[in-house]
Amino acid sequence: MSVMVPSKTPAQITPGRQALDTALYQLGQAADHLGLGDGLRTMLGTPRRSLTVSVPVRRADGHMDVVQGYRVQHNVSRGPAKGGLRFHPGTDIHQVTALAMGMTWKCALADIPYGGAKGGVAVDPATLDIRELERLTRRYVNEILPMMGPDNDIPSPDVGTDERTMAWILDAYSVNAGHALPGVVTSAAPGDSPGQAGATSRGVQIAALSALGRSPEGATVAVQGFGKVGALTAQYLADAGCKVVAVSDLSGAVYAPGGLDLAGLRAWVAESGHVLGYRHADALGHDELFELDVDVLVPAALEGAITEVNAPRVRARLVVEGANGPTTPEADEILTANGTTVVPDILANAGGVIVSYLEWVQIMQAYSWSVEQAERRMRDLMVSTYAEVGTLAARRGLTLRQAAHVIAVGRVAEAHQTRALLP
Ligand code: NAD
């Protein structure tokens, strides 16, 4: 199947397919700018390996469910495939392919020697107890085993998965190999470098502060998604002096014009499971969060959050993409026309994969650095990558997203050409 064919009929246009169309559009723009030929475009728009598996999971009451799982390696020309594993009911092969493609560009942009991958299981983890989740994870590993390995494909957490999921994967893979292979995942508990989501949030903070171009003191922020990435991004931006006035999750949004007490909100979420109902803030609808007059808007939930429908009402001067693929191409154009700067996902949320890479390097060398060393390297790489993207954007009159893709796609294209993978 070639993924270069855009979807045509409404029935084919699932959220996953839209995410893939967005990814292909962004690749197409970069390929035009770089003057890439048709062969290379097709190669870069097509995943190297895609696997769809059926994962049986025995439920606590004894009955068997079968769910669909996926692992896609989009590109492995610059190194082993690297990418998160998502447990979410809306996951499909198109979404996983789009996210794998994004990982290729993200790793290339930060110039770390990885290709891009992603995995997913179409399941709502909230409907499974912990033993069911463990059985599901281990069975998924068995099904995708031929694609995995510290030199082949290295998963990390994403939506609906965490350090515990990675620990199960590490154990399942190692049991199969007959010896411990810690480099098969990153961000497995316990004792690794700071969690990947924490590093992602730290990177979003660094990107946001770089783009803000002024003192963060009092800059107002709204964050969509109060999960692993969103909650810590809010905290890190508040730590830097920003005023986080609104956050949302699936339940709705909460708003406090004077700034949210984030520790109090986290305690409420730990108790109730959602942000709505937090006593020290007003309730808002999901969409109202996007319409707030804030300096920085951080989408940190899922793909396709900012569309041509709500983009005209976005008043933030800066959109910093904590999530992968939260802005559609149509929304991108509207935001740009309205003077909003968008810091794209492959730049803004790269802190997680950078720290994952640094963790993997240490595992493969069996030699540990201090946490401070790893954090410093990540910060340096985020700052220099941001500067490189900003410079190219200014020089060529591109948006930050276009410039980031031109650099990233150019590096992957060069790897193909260097290895003579093309006529
Ligand atoms: P998560 O599951 O921990 O959190 C997701 C949050 O989004 C939850 O609070 C959920 O309630 C909320 N949400 C979902 N739909 C929403 C909606 N329509 N409106 C408002 N909130 C909604 O996931 P995460 O790991 O924090 O990942 C979030 C995003 O960041 C994803 O796009 C993911 O691919 C990306 N990302 C994650 C990592 C990581 O290390 N976890 C790294 C890079 C990028």
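Is G230 buried or exposed? In this predicted model, G230 is buried, with a relative accessible area of 0%, and because the cut-off for a buried residue is a relative accessible area under 20%, the assignment follows directly from that value. The residue belongs to helix α7, which covers residues 228-239. Once its neighbours within four places in sequence are set aside, G230 is in contact with V223, G225 and A300. A further reference point is A270, which is 40 residues away from G230 in sequence and 15 Å away in space, taken from C-alpha to C-alpha.

From here the path leads to the sheet. Five strands make up an open sheet with mixed pairing, and their order is β1-β2-β4-β3-β5. The edges are taken by β1 (49-58) and β5 (153-157), each of which has a single partner strand, so one side of each is left without a neighbour in the sheet. From one strand to the next, the twist averages 20 degrees. As a general matter, the strands of a sheet pair through backbone hydrogen bonds, in either a parallel or an antiparallel manner.

Strand β3, which spans residues 81-87, is a useful place to look more carefully, since seven of its seven residues are buried and the strand is therefore mostly covered. With strand β4 (residues 115-121), β3 pairs in the parallel sense over five bridges, and in this pairing K82 stands opposite G116 of β4. With β5, β3 also pairs in the parallel sense over five bridges, and there K82 stands opposite I154 of β5.

The next element to consider is helix α3, which lies across β1, β2 (64-75), β3 and β4 and runs at about 150 degrees to β4. H94 has its place in this helix. Apart from its neighbours within four places in sequence, H94 is in contact with T14, G16, R17 and L20. The C-alpha atom of H94 is separated by 38 Å from that of Q373, a residue 279 places away along the chain.

Two packed helices are described by the angle between their axes and the distance between the axes. For helix α1 (residues 15-34) and helix α3 (residues 93-109), the angle is about 30 degrees and the axes are 7 Å apart, which makes α1 roughly parallel to α3. The crossing in which α1 passes α3 is left-handed. On the α1 side, the contact is made by G16, R17, A19, L20, A23, L24 and L27, while α3 contributes H94, Q95, T97, A98, M101 and W105. Sorted by class, the residues of this contact comprise eight nonpolar, four polar and one charged.

Helix α1 also meets helix α14, which covers residues 400-418, and here the axes come within 9 Å and cross at roughly 70 degrees. The two helices α1 and α14 are therefore roughly perpendicular to each other, given that angles of 65 to 115 degrees are counted in that class. From α1 the contact draws on Q26, L27, Q29, A30, H33 and L34, and from α14 on R401, Q402, H405, V406, V409 and G410. The contact of α1 with α14 has five nonpolar, six polar and one charged residues. L27 thus appears in the contact of α1 with α3 and again in the contact of α1 with α14.

Methods: Residues are numbered from 1 along each chain as its sequence is written. This is a predicted model: local features need pLDDT of at least 70, side-chain atom pairs count only at pLDDT 80 or more; totals for chains, interfaces and linings use all residues. Side-chain values use heavy atoms; hydrogens and water are left out. Axes are lines fitted to C-alpha atoms, for helices over the stretch in contact, and angles run from 0 to 180 degrees between N-to-C directions. Helices (H or I, at least four residues) and strands (E, at least two) are DSSP runs, numbered from the N terminus. Angles under 35 degrees count as roughly parallel, over 145 as roughly antiparallel, 65 to 115 as roughly perpendicular and the rest as oblique. A crossing is left-handed if the near helix is turned anticlockwise from the far one by less than a right angle, and right-handed if clockwise. Contact means heavy atoms within 4.5 Å. Ala, Val, Leu, Ile, Met, Phe, Trp, Tyr, Cys and Pro count as nonpolar, Asp, Glu, Lys and Arg as charged, and the others, Gly among them, as polar. Buried means under 20% relative accessible area, exposed over 50%, partly exposed in between (1.4 Å probe, protein chains only). Two strands pair if DSSP finds at least two bridges between them.
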